Structure formats: C-alpha cells, structure tokens
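Biologist: Before we talk about particular parts, could you put the model in front of us and take me through the terms one at a time?

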Amino acid sequence: MIALPSLVLLPAAGGLAAWLSDRGPPARHLPWWIAIATILSQTLLLLFVTCTAGWSSGPWLAHFSMPWIPALGIAARMDMDGLSLVLLWLTTILSFPCVILSARDVGERPGLFHLLLLATIAGINGVFLATDLFLFFFFWELMLVPMYVLILQWGHEDRRRAAIKFFLFTQGSGLLMLVAILGLVILHQHATGVVTFDYFALADTPLMPTAAMVLMLGFFIAFAVKLPVVPLHVWLPDTHTQAPTAGSVLLAGILLKTGGYGLIRFVVLQFPDATARFTPVALAMGAAGILYGAWLSLAQDDMKRLIAYSSVSHLGFVLLGVFSGSAMGMRGAVVQMVAHGLSTGALFVIAGSLQDRLHTRDMRRMGGLWQALPHLSSIGLFFAIASLGLPGMGNFVGEFLVLLATWRISPPIAILGAAGLVLSAVYSLTMVGRAFLGSPHAGQDTDQTPPPADFGARQMTVLGLTMALLLVLGTYPQPVLDLSLPATPHAAPEMEAIHP
Amino acid sequence: MNATSPTQALLLATILFTIGMLGVLARRNLLLMLMSIEIMLNAAALAFIAAGARWHAAQGQVMFLMILSLAAAEAAVGLAIILRLHAAGRPTLDADTGNRLKG
Amino acid sequence: MDALLLPLIVACPLLAAGLLFMSAGRMPPLPTCVIGAGSVGLSALMAAMLATGFLRTPPPAGALHATLWSWMQVEGFNTRIAFTLDPLSLVMMLVVTGVGFLIQLYAYGYMHDDPGIARFFGCMTLFVAAMLVLVFSSDLLSLYIGWEGVGICSYLLIGFWHTDTANVAAARKAFIVTRIGDAALLCGLLLLATRAGTLDIPALLHIAATRPADLSAETAAFLLLGGAVAKSAQVPLQTWLPDAMAGPTPVSALIHAATMVTAGVYLIARLHPLFASVPAAMTAVTIIGLVTLLLAAGSALVQTDIKRILAYSTMSQIGYMFLALGAGAWQAAIFHLVTHAFFKALLFMAAGAIILRVHHRQDIYQMGGLARAMPGVFVAFLAGAAALAGLPLLTAGFYSKEMILQGAWHAAPLLWAGALLGAFATAIYIFRCLFIVFFGTRHTEPHGRTGATMAMPLACLAVLALTGGWMEMPDAIAPVHLLSHLLSPLFGAPMPEGPTWLLWAGSLVPLAGVGVAWLLWRPRIQTRAPPEDALARLARAGWDFDTLYDVLIIHPFVTLGRLNQTDICDRLSNATAATARAGGRMLGRMQSGQVRRYAGWIAAGTVVALCLGARP
Amino acid sequence: MTALLPGLPPALPILGGGIALLMLCIAWHRSETRAILIALTTLVLAFASLWLPVLPWPGDPTGMLFVPDGWFTYIAALMLLSSAASVIMAWREAGTPADEFYLLLLLGTLGALVMAGSMDMVIFFLGLETLSLSLLGLIAYHRTQPTADEAAIKYLILAGLSSAILLFGLALSYADSGSLRFAAPSRSGSESPALPLAATALVLTGLFFKLSAVPFHTWLPDVMEGAPIPVASFIAVTSKIALFSALARYFAGADLLRPDAVGAELAIVAMLSMFGGNLLALGQVNLKRLLAGSSIAHVGYLLLALLSPGPFGMASAAFYLAAYAAATSGAFAAMRGASGLSDIGAWRGMFHRRPALALAMVVMLVSLAGIPPAIGFFAKTYIVIAGVSARRIVLLGALVASSIIGLYYYLNVVRAMMEPVPEVPRAVRGTTANAALITALAIVTVLAGLFPETLVRQTRSLLQPTPILHEAGLGPVAAHDMLYRE
C-alpha cells in the first residue's frame, strides 16, 4: 500500500515547498499556509489509509515493502497495526496546534522553520510505521536532526546547552540501540544463515536468555531515554524549557511517545522472556519516575520546567502499563500516551503564549493573570485539571487502567502510582494558583502598553477542539482501547498483502 | 668469514639503533637530531646486511642501497628546510623553543 | 419513561453549565441566574415527578436502572456509565435538587452584582450535575467521576474570589486533602476491581454478602473509608473544611453543608453490606464519628467567625452520621443527613444574609443586637439553631438526632453518652452564637434589606427545618416511619426503640444546653472578648492539626523539593561532560609542540609494544 | 600500453608519464593552468586505466611483487579521486609559482598507489618514501606561511624516526623469515618466537605513525595546521588510505582473532585512537586541528573493522574509507571555499552569510559524525556490523562512547555556523572549480547515504587472504633468484 511511505514523504515534500516558498516580507505567511495545506492533506491521506486499511485481514492493517539494500537484507518495509494508527492520528492532530498556533510568527526564516517542523513530523511518522529495523533506526535518528536545529535556531536563552544535551542523550542511547539491533541481526544470521533486518524474521530468532537480556537492555535504554525514565530524564527539562513553543509541543506531544511505542513494539513484543525477567526493575523505575517527576515539578518556578517534569511523572504510568505484562496495561499505556500528548501539548502552547505575552516563564513574576487574560487562563485551568487526571478526561482512563493492571502484579507499586495522582493534583493546582489566580504580581505592571492580548478565535477554536477530544477520550475511550493493542510480530502479515 | 656471525651483527645494529633513538630523544639541536636519525637508518641498513648474510641472499644489500639513498634524500631535504627556517629568522636550531604549532 | 428521566435530571444542569461556561461572562446576570437556577429547578421538578411515580408504583426490582454506555471494556474488566434509582438515591436526589434549587435562588440575591456570576452559576450547576452522577451511579467507577467532579467544583467555588491569595490557598488545600482520600478510594476500587473483575455495585455487594470477608475485603473497606473520611471532613482529614468557608456563602451552604460533605456518609450507606461484613471497619467508623463529633463541637464553642462556627458544627453533625453508620443505624444516618441538609443550609443562608448586611463582617463579636434590625433573618436563624440543637418535638433535628442516639445506645451505652455530650455542646455553641449575634448591644449598623430571592428560600428551609422531621418519629410520640419504610428494602427493618427515658434524656439535654448558653451569654453579661486561655486557643485553631501536618509532612517535602530544584540526576551528565573536557585538555597538553616530546611518545609506544610482544 | 610489465597495472606508468611530462613543461615554461590541466588529465587517465586488463603474471603467483587485485583497484580509485580533489582545491590557492605543487601531488599519489599494491618490502618501502618525501615538499610549500617550515621540520624528523623504526622492523622480519614478502611474519617455523613479534611491533609503529594512530598521532594536528589546505586534505585522505591499505595487506594472511600480542596491540591502539582523537578534537578552536582529531578517531574505527575478520570486516573498512574520503575532502574543500578560514570563530554565522557553503559543510560534518542521511551513517553502521559479528564487545563500547564525544564537537561547529552574527564583510569566494567540487562531494555524500547498495556490492570481498611464503614452501633460495628476475 503506497500510502504508507507517502505518509512520510508528504510532510517532507511539503516542508521543502515551504522552504522554497520563503520569499521575505511581502508573502511572510506563505510558508505557513503551505505548512497548513501539508498537514491538511496529511490528514486526508491518513483518513484514506484508515478507510482502506485491511480491517478484516488480521491485526496488521496495511503493508508496504520494497528492497533497499538487499546486499545486507535491508528493505524499506512498513506495516501498520492499530497501535501505529492511533499514534499516527495523534501526530496528525497535534501537528495542527503546532503549526496553527505556535508557528505563525516565528520571526526570521519561517521557511526553514516549517521545513524542520514538517521534517520532524515525517521522521516520526516513519518511526511509527517502519518494520525493518534498519529503516526504523534510520527514521529514529532522522527525526532528531531537525529538532536539534529547531531548538538551536528558535530556542530560548539557554538553547545551546539544551540542544546539544538533547542530541547527545538521544543519539548516544540510539547508538546503543544500533548495536543491539545489529547484535540481533548477527545472532539471527548465526542461527539461520540469513542476514536480514526484517522485524518479523528477527522476532523469531532463538536467543540465549543472557543474550536476549543484553539486547533487550540495548533497546530499553534507548527508549527509556526518550520516554523518559528516571534517571535518564535529565535532558528533558532543559530541552522542553528552551525549545520554541512548537518544538515543545512536538517534543512533549509526540516525540516522547516514540519511546513508549518502541518499548511496546521492540522490547516487550520482541523479547517477551527477557521483558518478563526485567519487569520488577521496570516497575520500580516507573513508580520512581511518577513520584520523582511530580516531586520536582512541584519545586519548579519555571512554568515550562514544571510542565516538563509533570511529563516525566505522567510517562512513568506508560512505563508501568507497558511492563505490566497484560493487554489491559498496554491499552492503558496507549490511552495515557494519547491523553498526555493532547493535554501537555496544549499546556505547552499556553506556556508559550504566556511567554510571548509576558516575556517570562517565571511563575514568581506571574499571578493574577485571570483578569487580564480570562480565556487563556480558563483554558490553562482546564488542561491543568485534565493533567491531574480528573475522571471524565482521557488521562484518568489511562492512569486507571494502568494502575489496575499494575495492581494485579504488584499492589505496592500501584499504591505508589496512586500517590503520584495526589502529587499531580498538588503541582497542577500550584501552577494554576501561581500563574493565573491570586493577586496581580507587583512587578508585572498592570498599565503595561499594550496590555497582553487574550486568546483570539484561532487559539480558542484549536484548543477548544483539543478539549473536546480529551473529554471524548475520557468518556468514550472504547475505540482507542480497541485499536491500541499492538499486533504481535509472530502473526506476520501474509505476503501477497505486502506486494500489492 | 665466521669472524662475526649474523647474530652478532644484528646485535650491533640493535645497539646502534638504540643509540640513535636515544640521540633523537636527548638532543635539542635539529642538526644533531637529524644525525641521530641517520644513525638509526644505518643501523637498519646494517641489520638488513646481517639478515642477508644469514640467508646468503643479496636482497639485504639491495635494501641497504635503498636505505642509503633514502638517508641521503632525507638529509638533503632536511638541511634545506633548516636553511629556510634560518632564513625565516629562527634564531637557534633549538627544537624546543619557538614552536608556534601546539595545543 | 422514568428510566429516561434519570439521565435527563443529570443532563439538565450539565447542559446549563456548559452553556454558562460557553457564554464566557458575556451574559447579563438575570438570564445567567435563570439558566442556572432554572435548570436545577427543572431537574428538581423532574425529580419530584420521578419520586411520586416511584412511591406510587414502586418498580419491580425496587429500583430503576438506566445504562447509558459502556465506558471501558478490556480483558478482565469492564465498566459502564449506568444510573440506578433506588430509595437511597431517591432521597439523596430530592435533597440535592430541592435544596440545590433553593440555594441557587438565594445565590442570585447574594451574587447578582458580582462580575463573575456566570462562572459562579456555571460551577454551581456543574456541581449539582456531578453530585447527581455521584448519587445515581450504580457503578463505583462512574460514581468516582461524580466524586472527583464535586471535588473540583468545590475547588473552583472556594477559590471563586481568586484575587485573594488566601482563598486560592484554601481552595487548593481543600482539593488536595480530599484528593488524598480520593487516592485511597481509588486504591480501594483497584482492589475491588481486581478481586471481583467489576465495579458494578450490586455485583460487589452480592460478593460481599456471599463470600466471607477476607483480608482484601477488609483492606478495601478501610481504603473506601479513607475516601469517605476525607470527603466528609472527619478526623484526621478534616482540616480543609473550616478554610473552605473562604468561598461565597451559598457555596458553603450547598457544598460544605448540605450535599458534598455528606457524600462520604452516602458512600458508606451505599456499600453498607461491605462494611457490615467487616466489624473492624465499622468500629473505625464509629470511633471516627465520635471523635470528630466531640472535637468539632469543642472548636465550635470558641470560634468567633460565624461561618467557622457553622463549619465546625457541620463536621460534628457529620460525626453524628458516621456514629450512626458505625452503629449500624443506617436509616438514622440518612435521616439525619436529610434534616441536617435542611437546617444547616438554612443556618448558612441566614448567616449569609447577615454578613451581606453588616458589610461582609463575619466576626460575631462585631455584630450583636440584630434581632430587631432583621427579624425575618432572626426567625430563620432561630429555627435553624433550634433544629441543630435538636429542641424537642417541634424541630427536625430532634427526631433525627433521637434516632441516632437510639442506635448508639443499641451499639454501646458509652457511644450514647458521648453523643449526648455532643448534643449538649451543640446546643451551647449554636445558641451562644445566636445570643451574641442577635441580642445585646448593636456594634454594626446593618444596611439595606434582605431581598425576596433570599427571603423566600430562607422561609422554605425554615419550614422544612421545623417540620422535616415528622416523616419519622419514635413510637412513643407518634408511629410515623415513612423514611425507614422507604429505605427498609435496602437497610432492612430499623432497630427497635430503647427505653423511654432515653427519649427524655435526649430531649432535656439540648434544653439544658440552651439554658447554659443563656446563663453565659445572655445580653446583660455578654463579654466582648472571646476566651483566650490556652485550651480555647487550641480549640479555636481546630486542635492544631494544621500545624502538625505542616511540620510533619508539607514543610519537609517542599523544602527538600526546593533544595533539589536543579535535579540531582543532572549532575551526573554534567560530570561526564566535565571529565570528557578534562581528557581533551590533557591530550592537548600532550600536544606540547616540541618535536622531542613527540618523538618520545613514539618511542614510548614502540617500547610498550615490544614489551607486549615480550610478555608471553 | 595496457601493460608495460607483467602484473603492473597501467595506472602506475601513466602517473609516471604524467610526472615526467609535467617536469618537462616546468623546465620549458611555467604556467599553473597548464600544470593543473596536466595533473588532472593524468589522474583521470590513471583512474580510467584502472579498468583496463592487467597482463597476467607468468608463473608462481606467490612470487608477485605487486598485486593489482580488486582491493588495489578500489583503493587506487579512491586515492586518485581524492588527490584529484586536492588538486582542484589547490587551484589558485598554493603560493605562486604552483607548478611544482602539482608535481609533488602527483608524485605523492604515485607513491601511495605503489604502496597500496605492493607485496614486497622493497616496493612498499619505495612507495612509502616517495609519498613521505613529496609530502615534505608539499607541507613546506608555502614560503609565506611562517608555520609551514615548522610543520615541515617536525614532519621530517618524526617521519625519519618512524621510517627508521619501520625499516629496522622489516630488517628483523627479513632476518627471521628470509623473505622480503610484505606480510606479518608467522611465528610458526621461526626458531626464536620473540623475533617476529618484535619485528611486527616495529613495523606497526612505522605504519601507525603514518596512519597517525594514538599514541603515534602527535605530529598530525601540528602538520595539518601548518600545511596548506589541499595538503592537509591529501595527508588526511590519500596518504591515510594508502597506509591503511598497506596495513590491511600486511595482516591479510594473519589471523587477527587469535589472542596474541599483535592483536592486543592493534586493539589497544584502536581504542586509544577512538578516544584520543575525539577527545583531542573536543577542545579545539581550529577547524584543521579539529579535523585532524576526527581523522585520528576514524583511524580507530577503521582498525576496529580491520580487527573484525569475517564476511563484513574488510568490506566495511573499504566502504568506510570511501565515506571518510568523501566527507573529509568535502570538509577541506568547504574550508577552502571559505577562503581558508580555519578558526571556528570565523565560521560563526556562516549560515546567514553563505548558506550553500554552510549547508555543504553541515553535510560533511553530519557524515563524519555518522548521522543519517549522510553516507557516514551507513558506514559506521557497517563497521558496527563487522564488530558485532566478530564479537569485539569492548571495542564496540569504545566506539559508541567515543562517537558520542564526537557528536559534540561536530555539532558544535554546526551550532557556530548557525549563530546569528552582525553582518561581517563577506569572505572572498573560492574558485568555481572548488565550488563544483564541494557540490559534487555533498551530493555524493547524501545520495550514497540514501542508496548505499551499489557501493556495498563494490566493496564486498575485495581482499583475499594471501598465502604466506612459508606455507607456500618457497625457500629463501627461490626468493633469491626471484629478486634477480627483474
């Protein structure tokens, strides 16, 4: 099905178009319009894919395969199952706030900005689709470069350090994964005499327990850095804080999810036994992440930092769910990823627009914004409440399922997770209280000229739709739940479906 | 003929070689360093001769000639460069001082 | 048709809330109020229809069911959004919608000139909707939606006047403290769900009834109790309620007196077979109730802020309900819940009327002699106070409290004694408040007059507070048992009544209390200064639970967090980077620029290599 | 003229002819244009001639002094192309008169080619010295540049030292085995086991010095900084390729997986080079020195490939050499394009001043860092495949760790180029030829990175292990009259 690679090529092409169309002031917003057109057409394409997917032909919905480097058994192979579909939709949906809200006035070189933005999206789509390990790794690395440049060019005051930190952490862990991938390939070659990077072939490689554990750890570390898992999270707060708004939204909303996706597809499903043996450690790490992230986010003064640490806390639930070893936990983790993508993405949009208006992220210099910016503040309140996991919003569904699945294997861990829910209430409400409520800050002059503009129709529409999605996800999550169970690599898609 | 066996010759070559190397390490004067290198080259040449004698083959001597020519070439180029250094206004031949390329 | 009304009753305020939030404050006050109060009134109307239908022709199973949709359905667990109307939820529904409607009316009079009135009514109606979800849900997880929903509404409403940082802090405190309980409750749900594979209440109760109580059942009971305790402001999680008075008075009346705080009582009553099967939990409930009852009454005795007095009295009254629950007198608990909703709402609204007219002063020592200035309010407050004190025969509080005392007596005479002591204290503190506020010399000149929209609800509730108790009377007075008959399908037959002297004791003690209050604070000898000895200060500070928690938990936690603000894990990566740079500098030094050194390195390398070769 | 001598590839005589012609021209009348034309045509002809058939070697294959096998052809192609790149960079850059500059370049290329194919110590030695002597001339070529002489004298002394050591090692191995066959002496059949080991160690020193592997690397940064850009590129690319191919030949017959001293030394040097090179580059503010450090590190990666025999070992090395050559020459060409700016500070804001050039530089750096889509990514992956299949766990760990360090300084340059700076007077542009060179290299780097298939096929099974003389049962006597056959 040629649509799969075009899901990757389309954003890239659109980005190039936006770049080439960058012709200075007279048509300053031309690249922006092109970007919007691109993501719109991407939405249509994805809609097409969803409709034409082979719902009847087993768990794998769509396929594409074409030789790339046959000398080493490397093929450009893509397969889509429900999990990929859900995450692709998340990517597509979140690219709207990215482009529409935060990418309009990026200052100089808008063309390059949109190119990088769309290139990142393309890489992410590739990651969610690739089932050839080399191709997967290719995209995995590819999506980092434009993000690095984004942060470097349009980031905030301390962007250099943040960007390089982001790159070194993710890339370095990626190299570990590369070694693990190749180790798997070589072991497969020793076992069968065939050199191949095909996910389905490699998943059936007979492995010694120790070898499996080592390889699994190679993958795990890469994904754990991305997710992130404490103590590998240190790149995240700096990066999220320094990145431009669109970058933060992309990072928090989607990029982190590639880590969760990788954990599900390439760790749990590929090394089930090793995973089972590793579960206690992973659960402990998950709980630690939940509590540590919440605790630190409570201590922050920088709004974006606070949100970043809250992501660390939320994604601890994903780790718990993935390693809970039950389909329920897996589904819960996916719902949690989607919900976190929506709510935290929106929170970053809000933090970003606050910075545009007040030129600070320091909550000590905010306060009492409700009078000046009622719309913005109420939206911020909504998403803060969503992120503290109020029942009826998506986050609760995810967290509840994850905790339920965790409780089955280890009640203490589940209790710790629940404690994390209390802390999430603490930091969310602290953020709301310090930024939006209370008396207007003394230093923040009330007669500043011009008074900060409140959210207009554009922002309200996009964010309102995001709210609606969160509510729907929270009250009727069944469709996502049904889709979100990943297909096993052992049920390899039938061949004639691959070669259309 | 059996006054000196190839092994002894090799030993001598080794000693010469070591002396030359120590010279390179110890000397600060560029000229003397060059000379030490010549010593080392000759030690190598001698070693070839000895080896050739051991195997009763002429290859050793061939190598010796080659090495000789190399030594000559090196000396020539080296002296030329030293002259240019002098022309460029380097006061001494002390190799330790006046280095711009470092770090 | 009835089953269809059920969701409508919820949807009505929900839609209104959505509408009000959408309007984003661009709507003038009157329509706002019409939408807000109207929607609640509408659902009250529907509730009344539903109730009459229910009472006239009870449904076959004794309950109406309405399953809306399946919420989550995954392997090994599924949960539905489903409503049930059984006698218990019927009673609660009537209270919530009825009292809710009256308070909404009152609120218009109270808030009509506030700029944020749309937000206010939005939250109020949203609260009613959430409360109804809580009441109707036949599935614990959808009940949890309502449970947290009311919590967030209370947060929003306590912090309604958000420009004052204190209010915001109070709101946050209220939410977080209850959230702790909610976490416990959630753990309980997880445990039950793991045990039973479902959270459908009938199924759970069936299991609890059939299967002997094992460790998990006991744990679950205690976890649920934690949730109830936090929500109903019982010891040790009661600290949030007094601060919650920072909200507008209608909010205090609706949320922190009539409905939300009684959710814990409702939860325990709803799951009573589960608790009944775990004696330890029952004992815990009893003790918590008794302790709260007495402590709160003690604090109420020395408060100077009229709303705080009422807040503490609320805590102690809910303590009564817990006592009843622990004693197994379920009907009594619910009965008291209902009457308490009437008179406490009445008291709060009367207090609100006073506060509004004395320039938002709340210190009772700055009021005084208001009886003549506002007779209507005085009468209303008097009715409420009488009901709260439980003056015999003509007040609702008397009958419900009487029933509780009976239950306590059956459980253990000691409990009965404690409850009686509490009743004595109650009478004292509420009449202390009344005497100081309404009698004696006037210290603040009231202005304006209480509008009709405020007077009308006061009147209605005053009537209810007096007559509401006649639905259930001891046989010694009149054999009326409407409520317990209504509830008997759930709770079984009510307990037999104890000896008649109990009744005498129960009716004389409040009178004695009033008498004592008169002796101490009658207009002649009114002291202007509240008692200032250590005990009094301790009691006024709510027995310093706050300080305790501050020192033990909050302060260390926050301080440590501050210290670790720049993530300690970050140091690791920085250290690695530093070492790398150091290595680079070292190699740079190796690059000294002196050719002899370079030769030295080459020689050294060669020698080492030779040694390597020589080694084996 | 397909083959003057049996077994001699026509590329060598062509180069020789070109050199002679160029000398004649110089003697007759100077003209840089003519010189560069001659140089380029010679290189192109030589390149084309690589596909001409070679007259088969009559008689015993073990007697060959020079093997024009697939490995030689591939390496020679790489070297010819990269020295062509150097020639183009030199156009209008080397101080006038520049004719001898091209002459020396051709001479060095000839030496490198000879070295790459040689099977005999004498031939190897000839090639090596041709290369290093012409390098001397090239390094010192800039009269005006004050640091040139210093670089030259350093190179002279150290190169002399190292070749002396190398020669002594060769002498020892000759004394041990009695053959001048250029191959690691096997310890079987020699009465004193220490002798071959010592010989190998000394030879390795010589080779490592020219390869600039840690700890024999110290000369490289200084020389590169002092030398003109084309020469630096020539040193970093052509001569390294030649030396590495010689090293590969030297060990073609040896079993490197056997845990012995030689293997240990190679492994240690590989690891030291990876870390040393990257760490050295980490603190540099001079782009030339930075590239020197990176090239040292890449030698370490190549050694890992060399140490991983098996289906992927040499193949990955060959692929990596190509990637390395393209990216490094590209980087130097870019520097040349920026009129020789070697201070990183001077590159700040290059993106805003000369986007195209900066983009090309980014492509090269990204390739060197091993990030997709550039070719360096696949090359590194390939080497890791080899290492994994040979179970070189420790070396792999070193590779991962040191590559992370590498990322830092490569990206640091990228960052510097992206920084917005107040408009500075735009630097003088490089020649159009150079611009074309940059473009070509950039395109190659990206395209080959996206579609490496063809190159992978090219580089498979180039270097067959050659039998060692002893196993061939050929006595010294045979070697003796073999010498007089020429």
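Modeller: The C-alpha centres of domain 3 of chain C and domain 4 of chain C lie 40 Å apart, where the domain bounds come from an automatic or database domain assignment. This is a predicted model, in which local features need pLDDT of at least 70 and side-chain atom pairs count only at pLDDT 80 or more, while totals for chains, interfaces and linings use all residues. Residues are numbered from 1 along each chain as its sequence is written, and chains are lettered from A and ligands numbered from 1 in the order in which they are written.

Biologist: Which residues does the assignment give to domain 3 and domain 4 of chain C?

Modeller: Domain 3 runs over 278–533 and domain 4 over 541–574, after domain 1 (1–69 + 84–136) and domain 2 (160–274).

Biologist: How do you know that the span of helix α25 of chain C agrees with its number of residues?

Modeller: Helices here are DSSP runs of H or I with at least four residues, and strands are runs of E with at least two, numbered from the N terminus. The expected span is 1.5 Å times one less than the number of residues, so the 20 residues of α25 (residues 595–614) of chain C should span 28 Å, and the end C-alpha atoms are indeed 28 Å apart.

Biologist: What makes residues of α25(C) count as buried, and which are they?

Modeller: A residue is buried if 20 or more other C-beta atoms lie within 10 Å of its own, exposed if 12 or fewer, and partly exposed in between, with C-beta atoms placed from the backbone. By that rule C:Val595, C:Tyr598, C:Ala599, C:Ile602, C:Gly605, C:Thr606, C:Ala609 and C:Gly613 are buried. They cover an arc of only 120° around the axis, which puts them on the same side of α25(C), the arc being that of the directions from the helix axis to the C-beta atoms. On the other side of α25(C), C:Cys611 and C:Ala614 are exposed.

Biologist: What do the buried residues of α25(C) pack against?

Modeller: Their partners are α1 (6–26) of chain B and, in chain D, α6 (146–177), α7 (194–211), α8 (219–226) and α10 (261–282).

Biologist: Why is it said that chain A and chain B do not touch?

Modeller: Two residues are in contact if their C-beta atoms, placed from the backbone, lie within 7 Å. The nearest C-alpha atoms of chains A and B are 25 Å apart, and the two chains do not touch, whereas chains A and C share the most contacts of the 5 pairs of chains in contact.
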